[in-house]
Amino acid sequence: MTCEVLLTIDGVQRFQNEAPETTKLVTDGTLRTENGAVLLSYAESELTGMSGTQTTFRIEPERVTLTRTGAVQSVMVFAVGEEDRSLYDVGVGALMITVRTERISSNIDENGGTLEVAYAISIEDDTAGTIQYRVEARRKT
């Protein structure tokens, strides 16, 4: 089952020696269920700096996988207490990204809900900071 949703994505990035940066994106997306997981997908835009990229959150009971395809290529796996290393390819080159998940909270089901993910990030083995996302999915009527 696939349905259209309105996604509200709030983010806070805290990088070393910089003031926190907050972002908010409200966009149309889709929600579907697949083998016990919920998938939220949306098209990035010029506002996010990733035009031509499709972003999908695969939400499972113990992990969240963030996949980007298109202009930006990336797969990041979030599981509390675990590290995930992956390449973040922005088309002109790739960076090695390491994420260490601190917290995942989700009440998303086929009707919508909220996902929260907090993690520390390193870029090319240098500690960069922390990132928190809150994604709210509301079914369109």
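Strand 1 (residues 2–15) and strand 10 (residues 126–139) run antiparallel and are joined by 11 bridges. If you would like one pair to look for in the view above, take Val-5, whose bridge partner in strand 10 is Arg-139. Keep in mind as you look around that this is a predicted model.

Those two strands belong to a wider arrangement. An open sheet is formed by 10 strands, with antiparallel pairing, and their order is 6-5-4-3-2-1-10-9-8-7. At its edges lie strand 6 (74–78) and strand 7, each of which pairs on one side only. Neighbouring strands of the sheet are turned against each other by 30° on average, direction ignored.

Let us walk in from the edge at strand 7. Strand 7 (83–89) is followed by a loop and then by strand 8 (94–106). The two strands run antiparallel and are joined by seven bridges. Within this pairing, Glu-83 stands opposite Arg-100 of strand 8. The hairpin of strand 7 and strand 8 has four residues between the strands, and Gly-91 takes a positive phi there, near 95°. Is Gly-91 buried or exposed? The cut-off for exposed is over 50% relative accessible area, and Gly-91 counts as exposed because its relative accessibility is 60%. For a sense of scale, Gly-91 is 40 residues from Ile-131 in sequence, and their C-alpha atoms are 23 Å apart in space.

The next step takes us from strand 8 to strand 9 (residues 112–123), and this antiparallel pair is held over nine bridges. A hairpin of five residues makes the connection between strand 8 and strand 9. Arg-103 is a handy landmark here, with Ala-118 as its bridge partner in strand 9. Ser-122 also sits in strand 9. Its relative accessibility is 17%, so Ser-122 counts as buried, the limit being under 20%. Leaving aside residues up to four places away in sequence, Ser-122 touches Met-96, Ile-97, Thr-98, Thr-127 and Ala-128.

Now for the interior. The largest nonpolar core has 29 residues, and those with the most contacts inside it are Leu-7, Leu-31, Leu-40, Phe-57, Ile-59, Phe-78 and Leu-115. Which residues does Leu-7 touch? Not counting residues up to four places away in sequence, its contacts are Leu-25, Val-26, Thr-27, Gly-29, Leu-40, Ser-41, Tyr-42, Val-135, Glu-136 and Ala-137.

Phe-78, another of the core residues with the most contacts, brings us to the aromatic rings. A pair of aromatic rings is described by the distance of the centres and the angle of the planes. The model has two aromatic pairs. One of them is formed by Phe-78 and Tyr-119, which are tilted at 40° between the planes, with 4.7 Å from centre to centre. This pair links distant parts of the chain, since Phe-78 is in strand 6 and Tyr-119 is in strand 9, 41 residues apart. Both Phe-78 and Tyr-119 are buried. Together with Tyr-133, Phe-78 and Tyr-119 form one aromatic cluster.

Charged side chains come last on the tour. Side chains of opposite charge can pair when their charged atoms come close. How many salt bridges are there? The count comes to 12 salt bridges. Among them is the one between Glu-34 and Arg-32, at 2.7 Å from N to O. Glu-34 is partly exposed, with a relative accessible area of 27%, and Arg-32 is partly exposed too, at 33% relative accessibility. Arg-58 and Glu-60 also meet through their side chains, in a salt bridge of 3.9 Å, N to O. Here Arg-58 counts as partly exposed at 22% relative accessibility, and Glu-60 counts as partly exposed at 29%.

A further salt bridge joins Arg-134 and Glu-136, with 3.7 Å between the closest N and O atoms. Through shared partners, salt bridges join Arg-103, Glu-116, Arg-134, Glu-136 and Arg-138 into one network. Within it, Arg-134 is partly exposed at 32% relative accessibility, while Glu-136 is partly exposed with a relative accessible area of 24%. Two names in the network are familiar by now: Arg-103 is the residue bridged to Ala-118 in strand 9, and Glu-136 is among the contacts of Leu-7.

Terms used: Residues numbered from 1 in each chain as written. Predicted model: local features only at pLDDT ≥ 70, side-chain atom pairs only at ≥ 80, totals over all residues. Heavy atoms only, no water. Buried < 20%, exposed > 50% of the residue type's maximum accessible area, 1.4 Å probe, protein only. Core = buried A, V, L, I, M, F, W, Y, C linked by side-chain atoms within 4.5 Å. Contact = heavy atoms within 4.5 Å. Pairing = 2+ DSSP bridges. Axes fitted to C-alpha atoms, helices over the stretch in contact; angles between N-to-C directions. Phe/Tyr/Trp six-rings, centres within 6.5 Å; stacked < 30°, edge-to-face > 60°. Salt bridge = Lys/Arg side-chain N within 4 Å of Asp/Glu carboxyl O.
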